[in-house]
Amino acid sequence: MNKNRVVITGLGVVAPNGVGLDAFSEAIKTGTSGITFHQKLKDLNFSCCIGGIPQISEEKKLEYLSPLQLRGFNSAGILYGCMAGIDAWKDAGFEVDANSDLDTDTGLIFGAGTSGIEKFREAILKVDKGQVKRMGSTVVVQTMASGISAFLGGILGLGNQVTTNSSACTTGTEAILMGYERIKNGQAKRMLVGSCSDDGPYIWGGFDAMRVMTYKHNDSPEAGSRPMSATASGFVPGSGAGAFVLESLESALERNASIYAEVLGGNVNSGGQRNGGTMTAPNAEAVQRCITDALKNAKIAAQDIDAINGHLTATSKDSLEIANWTQALGRSGNDFPYINCLKSMVGHCLPAAGSIECVAAVLQLKEQFVFPNINCEDIHPEILELISEEKIVRELLKTKLEIVAKASFGFGDVNGCVIFKSYSE
Amino acid sequence: MTKDELISKLKAIVKPYVQDEEALEKLSEDTDFISDLKINSANLVDVILDVEDEFDIRIENDDMEKMTNVKAAMAIVNEKLAEE
């Protein structure tokens, strides 16, 4: 059976260093950090008091959600997801119309880790005070895991599959691959895909308790997120959302849509928490298999990859990730592709990381550049034993890019790798 | 409180939930929250919480079930205020 080719026709992004595609594109090219100090975290005795939170005004919210939708609304992740999703939809050339006909050709897979954690807190406090009757009607829709897909699906009137996936920090990359599969197999013409994350103390506290976030940069927030650096000391939490309109090539050409890039394929798998893999550490063999299987699925050779957009969280695992890429691709030293990682600018956006980082990867292909890594002027010596220093891009690089590989890895020992290609007939 | 005062307070309370603005302008004792004002049935709960806050009363489940139109809402509010 002839499988559909899948292309990207719309992008949307809400990131700590840029809300909206133009602001984000400018920020990643100039290496602008979105990490700031948060007094609230300090007041609550967090070790890590810095983080990446998108800046959104009350007026901006009203461009996306109605006053009624915003009544009793307290879910950052759903807000970011709706903004990115609606932006991507419009960017692809579609309208947002509350009275539109049901669109049975388009589905939605929008991932999340938790939903509406601040709203959940409000609800828990009320329940514990015996005031369950005083919670109002909006707790369930904001705190159910699929809150974001329920909001967006209704705003856009989508009639194909509408769901939420969740696989920790792999979530965003997985959503893209799930949407890709559905179009490839002819079950939908278009899929709006992406992921979003809540922010703040209740979502980040668990990581702070694990001591996996840096506590060394409370006075220098912009220098805090240091992937690949010898002085990396843990990740910096971030939040936001990224969204994509995926579409069959046939549908995109029919309506003369502008095409950002093609999704060539990819793979998701798990290390099963075996062979060195645990709840929180990757099984290296499974990571490598995820990458090699992604290449096979995309029908490309390792040598075809021009640039890698890494997961690279700024923990002790960065060197292991680079080692896994060199093993999986059979490329090292000067033969290694260019590599960068958005987390140096936005922190680790957790379930939203994969989608926000994929937006950056796709912009690179569309506009033919590699964005700079910041905060790695002192590259970790273990990494320099594996790949050449010049492959770690630290100044905006304008270069010809055909194929970019993006990987994400998550707690539970889960992996995802997607292959994007600049579009050509 | 006069009847007109009560209606005008109820009108202000339901306004954020109303999806038919014209019907809101014509709101009277005979207006139904769902069929006339097109309030989402899930939001009726929020209307009742706002009524509780406005008049500083508590409305129990069986009264709540009856509060689907202006007339019933007025009767229940008046009854609760009289009890105080």
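1. Starting with the smaller picture, chain B: 23% of its 84 residues count as buried. Keep in mind that this is a predicted model. Chain B has 5 helices and 0 strands, and from the N terminus on its elements run α-α-α-α-α. The radius of gyration of chain B is 12 Å, close to the 12 Å that the globule rule gives for 84 residues, so chain B is as compact as a globular protein of that length. Its C-alpha trace spans about 35 × 25 × 20 Å along the principal axes. If you take the contacts in chain B between residues at least 6 apart in sequence, 44% of them join residues at least 24 apart.

2. A word on the annotation for chain B. UniProt, in an unreviewed entry, has "domain: Carrier" over residues 4-81 of chain B. In the model that stretch is 59% helix and 0% strand, with its end C-alpha atoms 16 Å apart.

3. Now chain A. Here 15 helices go with 15 strands, and buried residues make up 56% of the 425 in the chain. The C-alpha trace of chain A spans about 65 × 55 × 40 Å along its principal axes. What radius of gyration does chain A have, and what would a compact globule with 425 residues have? Chain A has 20 Å and the globule would be near 22 Å, so the two agree. As for contacts in chain A between residues at least 6 apart in sequence, 81% join residues at least 24 apart.

4. The annotation for chain A also comes from an unreviewed UniProt entry, which lists "domain: Ketosynthase family 3 (KS3)" for residues 3-422. That span of chain A is 34% helix and 19% strand, and its end C-alpha atoms lie 19 Å apart.

5. Helix 7 of chain A (residues 147-156) deserves a look. Why call it largely enclosed by the rest of the structure? Because 8 of its 10 residues are buried. Those buried residues are Gly147(A), Ile148(A), Ser149(A), Ala150(A), Phe151(A), Leu152(A), Gly153(A) and Leu156(A). They pack against two helices and three strands of chain A, namely helix 4 (76-91), helix 6 (139-143), strand 5 (106-112), strand 6 (162-163) and strand 7 (190-197). Just after helix 7 of chain A comes Gly157(A), with a positive phi of about 70 degrees.

6. Next, a helix pair. The axes of helix 8 (residues 171-184) and helix 14 of chain A come within 5 Å and cross at roughly 70 degrees. An angle from 65 to 115 degrees counts as roughly perpendicular, and these two helices of chain A are therefore roughly perpendicular to each other. From helix 8 of chain A, the contact uses Thr171(A), Gly172(A), Thr173(A), Ala175(A) and Ile176(A); from helix 14 of chain A, it uses Ala353(A), Gly354(A), Ser355(A), Ile356(A) and Cys358(A). By class, that makes 5 nonpolar, 5 polar and no charged residues in this contact.

7. Two residues of chain A are worth checking for backbone geometry. Gln368(A) is not a glycine, yet has a positive phi of about 60 degrees. It sits in the loop between helix 14 (353-367) and strand 12 (369-370) of chain A. Asn375(A) is not a glycine either and also has a positive phi of about 60 degrees; this residue is found in the loop between strand 12 and helix 15 (381-384) of chain A. Are they buried or exposed? Gln368(A) has 14 C-beta neighbours inside 10 Å and so counts as partly exposed, whereas Asn375(A) has 26 and so counts as buried.

8. Cys290(A) lies in helix 11 (residues 284-298) of chain A. It has 27 C-beta neighbours inside 10 Å, and a residue is buried at 20 or more, so Cys290(A) counts as buried. Leaving aside neighbours within four places in sequence, Cys290(A) is in contact with Asn267(A), Asn269(A), Asn415(A) and Cys417(A). Take Cys417(A), which is 127 residues from Cys290(A) along the chain: the two C-alpha atoms are separated by 6.6 Å.

9. Last, where the chains meet. The contact takes 6 residues from chain A and 7 residues from chain B. On the chain A side, the residues touching chain B divide into 2 nonpolar, 2 polar and 2 charged.

Methods: Residues are numbered from 1 along each chain as its sequence is written. Chains are lettered from A and ligands numbered from 1 in the order in which they are written. This is a predicted model: local features need pLDDT of at least 70, side-chain atom pairs count only at pLDDT 80 or more; totals for chains, interfaces and linings use all residues. Ala, Val, Leu, Ile, Met, Phe, Trp, Tyr, Cys and Pro count as nonpolar, Asp, Glu, Lys and Arg as charged, and the others, Gly among them, as polar. Helices (H or I, at least four residues) and strands (E, at least two) are DSSP runs, numbered from the N terminus. A residue is buried if 20 or more other C-beta atoms lie within 10 Å of its own, exposed if 12 or fewer, and partly exposed in between; C-beta atoms are placed from the backbone. UniProt positions are given in the numbering used here, feature names are shortened, and annotations may be inferred rather than shown by experiment. The radius of gyration is taken over C-alpha atoms; the globule rule is 2.2 Å times the number of residues to the power 0.38. Axes are lines fitted to C-alpha atoms, for helices over the stretch in contact, and angles run from 0 to 180 degrees between N-to-C directions. Angles under 35 degrees count as roughly parallel, over 145 as roughly antiparallel, 65 to 115 as roughly perpendicular and the rest as oblique.
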